Amino acid sequence: MSKTMPHDTDRPVPYLRRSFAAGMSAMGLLGLTAVACTGRLGDGTPPDDVGGVPGEPAAQDCRVARTSPSVLRRLSRLELQLTLQDLFQLAEPPSVDNIPEDTGQNGFRTIAALQNVSDQHLRAYLGMAETLGQELMADEARRARVIGCEPGAADCLASFVSHFGKLAYRRPLIAEEVSDLVARANEVAQDEQDALRFVIEALLTSPSFLFRIEVGAGEEETSPLSSLELASRLSFTLWGRTPSAQLLSRAEAGELDSPEGLLEVAEEMVEDERTQIFVSAFFKQWLGFEALRAPTNPAEGFTPALLDDMIAESERVLGEHAFTSGTDFLDALTANYTYLTPELGKFYGLEVSGDGATRVEFPSGHHRANTGLLTHASLISAKSDGDLISVRGKWLRAAFLCEHLEIPPGLLEQLEGELSGLSYIDVIKKRNTQAGCAGCHARIDPIGVGFAQYDKEGRYDESVRIDEFGLEPRFEGAENESFDSLADLAAELRRSPQLASCIAEKLFIYTQGREPEDEDQCAIDAAAKGFSLDGNRFRSLLTNLVQSPAFRLRRAPE
């Protein structure tokens, strides 16, 4: 147990822990109606000067930079993990298992408004800081790199507070902060290394580290970010971690002050593997394969390792389409290949040899040929006990078209009596014809029926007859609505005019930690347009998002 724990009488509790705690305390788809179907529709191509969606009443003038109110963002578990890896120069991200899982919304675990700080968080943050400090002191080579001077040397402690504190807080510490922390460390520490551990614990449990604080460079309600705040936002957007010393230095040198300078730095950053690591987590949260549920009654030969293989399959295909030079990211929807281990190949009914994952091309006529992501078990296997037909149709429209379906209050209870005693097939027929249900179910059930030959595990079963459900597979709103195979569905989804804008919106939510408001639509539309004009290169989507004039702004909460 560290000597900084409250029951130690020989050493006071770090003062920042007390001030931090005080500061924190101060601070089923059976019935859907047409009116509950929401989402951005239209042709997906915004005008050059004015943003918004055709037909909606209040289009934004994109010639005027706007942004919605800023939110105080706590570091997510992933952001904390990646930041600590950099701060302590670790080969792998440290464990954050003791920190409570971030609250999710529509799959995303980065929504700032949902991220509280509990007593469990506080204890976990302190324990994590203690462990990292102890491990650093025990590793002489890494200690020399991170601390930059010999413990006990003149001014070493103050130098470390200034250097490490700037990286942790994403800004220089003022003189009073440095002197106060050095004085407290010298007062309570038993030796030079203990003083350094104290400083680490104090810095890593401070709100200035745990929260991404943006004040802005002006006093107006909407003001530009300071150069260091912009570097921080850029780094967390592209790398999911605190800005490096080099990026902070470039910001202080004015390299981010112009749009051209910001773009140059962003283009360098997206080529770094740190972008791929952070974006990989985006793919999992966006498409819902961050964690898979083992089947209740698994088929013979099923092992938990298969779930890891399924996640790795989707992760690799998406990463390849996102970061291989010149590759069209949307081709992941119609790809005719994947990466399978022998075990996962057997699950899919394919013979795969060799060790590890092997690239597999599907023969013509195979049920997975040209279906890309849409037949990955990681995406279409059951994540809950819901009705798979409606769940899969709803998922596709929400994930790729940003159409959100909601059940009006009381409607489900009202319909339970009417549907009681009906067979599953009769329920499907009724909800696709009955007023009050058909409006939304006609948009999702005909899509879900197209997946009916894939069971809850995502395994193909050719014995299932699609015509038994009484619905023709159909993708309402597509150029060619009827489809005979999932390859046809994938091709129609691939050419959907809403697809690029929806992906841009999902990336905005993930990186900015909030649902977009009207003021954010110009930035999203511009990112989608730049993405499309550049051949749907994913790197371009990232750089276009940070190029938006709104990216430089901070607006005070109302």
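Which residues touch the most other members of the largest nonpolar core? They are Phe400 and Phe538, in a core of 133 residues. The model is predicted. Phe538 shows what such a position looks like. Leaving out residues up to four places away in sequence, Phe538 touches Val279, Phe282, Phe283, Ala322, Phe323, Phe329, Leu507 and Phe531. Another core lies apart from this one. That core has 6 residues, among them Ile389, Val449, Ala452 and Leu471. In soluble globular proteins, nonpolar side chains tend to be buried together.

Take a single buried residue next. Ile380 sits in helix H15, which covers residues 377-380. Is Ile380 buried or exposed? Its relative accessibility is 2%, so Ile380 counts as buried; the cut-off for buried is under 20%. Beyond its neighbours within four places in sequence, Ile380 is in contact with Leu374, Thr375, Leu388, Arg392, Phe451, Tyr454 and Gly458. The chain also brings Asp455 to this region: Ile380 and Asp455 are 75 residues apart in sequence, and their C-alpha atoms are 8.8 Å apart in space.

Helix H9 gives a view of burial along a whole element. H9 runs over residues 227-238. It is mostly covered, with 11 of its 12 residues buried. The buried set includes Leu228, Leu230, Leu234, Phe236 and Leu238. Glu229 and Arg233 are also among the buried residues of H9. The length of H9 can be checked as well. At 1.5 Å a residue, its 12 residues should span 16 Å. The end C-alpha atoms are 17 Å apart, so the span agrees with the expected one. After H9 comes Gly240, whose phi is positive, near 70°.

Now turn to the strands. In a regular strand the side chains alternate between the two faces of the sheet. Strand E5, residues 337-340, has Tyr337 and Tyr339 pointing one way. Thr338 and Leu340 point the other way. All four are buried. E5 runs antiparallel to strand E6, residues 358-361, and 4 bridges join the two. In one of these pairings, the bridge partner of Thr338 is Val360 in E6.

Charged pairs come next. Glu361 forms a salt bridge with Arg359, with the closest N and O atoms 3.0 Å apart. Glu361 has a relative accessible area of 46%, so it is partly exposed. Arg359, at 41%, is partly exposed too. Elsewhere, salt bridges that share partners join Arg397, Glu403, Arg443, Arg474 and Glu476 into one network.

How many salt bridges does the structure hold? There are 38. One of them joins the side chains of Glu252 and Lys166, at 3.0 Å from N to O. This pair links distant parts of the chain, 86 residues apart. Glu252 lies in helix H10, residues 245-252, and Lys166 in helix H5, residues 156-169. Glu252 is partly exposed because its relative accessible area is 42%. Lys284 and Glu315 form another salt bridge, with the closest N and O atoms 3.3 Å apart. Here too the pair links distant parts of the chain, 31 residues apart. Lys284 belongs to helix H12, residues 273-287, and Glu315 to helix H13, residues 305-323. The relative accessible area of Glu315 is 28%, so this residue is partly exposed.

How values were computed:
Residues are numbered from 1 along each chain as its sequence is written. This is a predicted model: local features need pLDDT of at least 70, side-chain atom pairs count only at pLDDT 80 or more; totals for chains, interfaces and linings use all residues. Side-chain values use heavy atoms; hydrogens and water are left out. A nonpolar core is a set of buried Ala, Val, Leu, Ile, Met, Phe, Trp, Tyr and Cys residues joined through side-chain atoms within 4.5 Å. Buried means under 20% relative accessible area, exposed over 50%, partly exposed in between (1.4 Å probe, protein chains only). Contact means heavy atoms within 4.5 Å. Two strands pair if DSSP finds at least two bridges between them. A salt bridge is a side-chain nitrogen of Lys or Arg within 4 Å of a carboxyl oxygen of Asp or Glu. The expected span of a helix is 1.5 Å times one less than its number of residues.
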